[in-house]
Amino acid sequence: MKNKEAKRAYDKIYNQKNAVKKRAQNAAWRNANKEKMQAYRDKWKLENPEKHKSALAKYRAANLVKVRAATIRCHKANPKKYKADSRKWWLANKPLTKIYSQRRKARKITNSTPEQIASADAKILQMLSARKTLCAYCSKEFKTSEMHVDHVLALARGGAHSAENIRMACENCICSKGDKILFLEWRPPQPLLLPL
Ligand SMILES: [Zn+2]
């Protein structure tokens with residue numbers, strides 16, 4: 001027992017003393033074998049797609065500032081590619097883009113709390129999951145993809161970006177309502193089917 005403890009203590013000191021040396025050795029080896037390292041990493045990524053994805057997400061979450069800076073650097077170096085990529089992503093992630101564009105607008109205009117914004121995100125996702133939706137104002141049914149997210153009390157009029165303040169509305173209603181205050185400055189085309 002005593003010996004075991006002594007060995008552990010000795011190993012600890014030895015490792016501490018040699019940590020710097022070991023790190024330098026490892027770094028030197030990696031530097032001298034860059035291609036080998038890259039090939040190894042590529043192979044691992046291919047064989048462990050899920051692990052790679054979660055490791056990447058973990059790294060990104062822990063290094064937000066660094067990742068953001070690298071992304072901006074990359075965009076500046078390849079403006080054309082960035083534009084094409086972001087367009088492609090935008091088209092492939094329509095539900096998400098609806099959330100993001102609404103959220104960006106909300107951040108600019110209102111003082112919605114993070115909790116309110118999160119509740120709005122969840123509600124938009126839930127609303128977009130339906131194939132067809134009733135317009136909150138004219139009560140007609142539309143394909144969800146043709147609907148718009150509307151703030152009952154417009155952001156520009158002090159409305160919050162929160163689950164309670166968002167509804168799905170059709171193009172006609174949203175265009176005619178605009179930023180007007182419901183019932184005071186704008187009346188829905190017919191009495192509401194569902195209470196707001
Ligand atoms: Zn409508």
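## Helices H2, H3 and H4

Helix H3 (residues 49-62) is hardly covered, for the count of buried residues among its 14 residues is 0. A residue is called buried if 20 or more other C-beta atoms lie within 10 Å of its own, exposed if 12 or fewer do, and partly exposed in between, with the C-beta atoms placed from the backbone. Helices (H or I, at least four residues) and strands (E, at least two) are DSSP runs, numbered from the N terminus. From its first C-alpha to its last, H3 reaches 20 Å, close to the 20 Å expected at 1.5 Å a residue. The expected span of a helix is 1.5 Å times one less than its number of residues.

Helix H2 (residues 34-47) has 14 residues, and its end C-alpha atoms are 20 Å apart, in agreement with the expected 20 Å. The number of buried residues in H2 is 0, so this helix lies largely in the open. Helix H4 (residues 64-77) also has 14 residues, and the 20 Å between its end C-alpha atoms agrees with the expected span. Because the number of buried residues in H4 is 0, this helix lies largely in the open.

## Basis and confidence of the model

This is a predicted model, in which local features need pLDDT of at least 70 and side-chain atom pairs count only at pLDDT 80 or more, while totals for chains, interfaces and linings use all residues. Residues are numbered from 1 along each chain as its sequence is written.

The protein averages a pLDDT (the predictor's confidence in each residue, from 0 to 100) of 86, and 98% of the residues score at least 70. Among the elements of the protein, helix H6 (residues 94-109) has the lowest mean pLDDT, 74, and helix H8 (residues 171-177) has the highest, 94.

## Two domains

The domain assignment gives domain 1 (2-92) and domain 2 (95-177); such bounds come from an automatic or database assignment. The C-alpha centres of domain 1 and domain 2 lie 39 Å apart.

Asparagine 31 has its place in helix H1 (residues 2-32). With 9 C-beta neighbours inside 10 Å, asparagine 31 counts as exposed. Its C-alpha atom is separated by 17 Å from that of aspartate 42, 11 residues apart along the chain.

## Strand E4 and the nonpolar core

Strand E3 (residues 148-151) and strand E4 pair in the antiparallel sense over 4 bridges; two strands pair if DSSP finds at least two bridges between them. Aspartate 150 stands opposite arginine 167 in E4. In a regular strand the side chains alternate between the two faces of the sheet. Both faces of E4 (residues 166-169) are covered, with Ile166 and Met168 buried on one side and Arg167 and Ala169 buried on the other.

The largest nonpolar core has 15 residues, of which Cys135, Met168 and Ala169 touch the most other members. The elements that give two or more residues to this core are H6, helix H7 (114-128) and E4. A nonpolar core is a set of buried Ala, Val, Leu, Ile, Met, Phe, Trp, Tyr and Cys residues joined through C-beta atoms within 7 Å.

## Two positive phi values

Serine 139 lies in the loop between strand E1 (132-134) and strand E2 (141-143). Its phi is near 65°, a positive value in a residue other than glycine. Serine 139 is partly exposed, with 16 other C-beta atoms within 10 Å.

Phenylalanine 183 is found in the segment after H8, and its phi is near 70°, again a positive value in a residue other than glycine. Phenylalanine 183 counts as exposed because it has 10 C-beta neighbours inside 10 Å.
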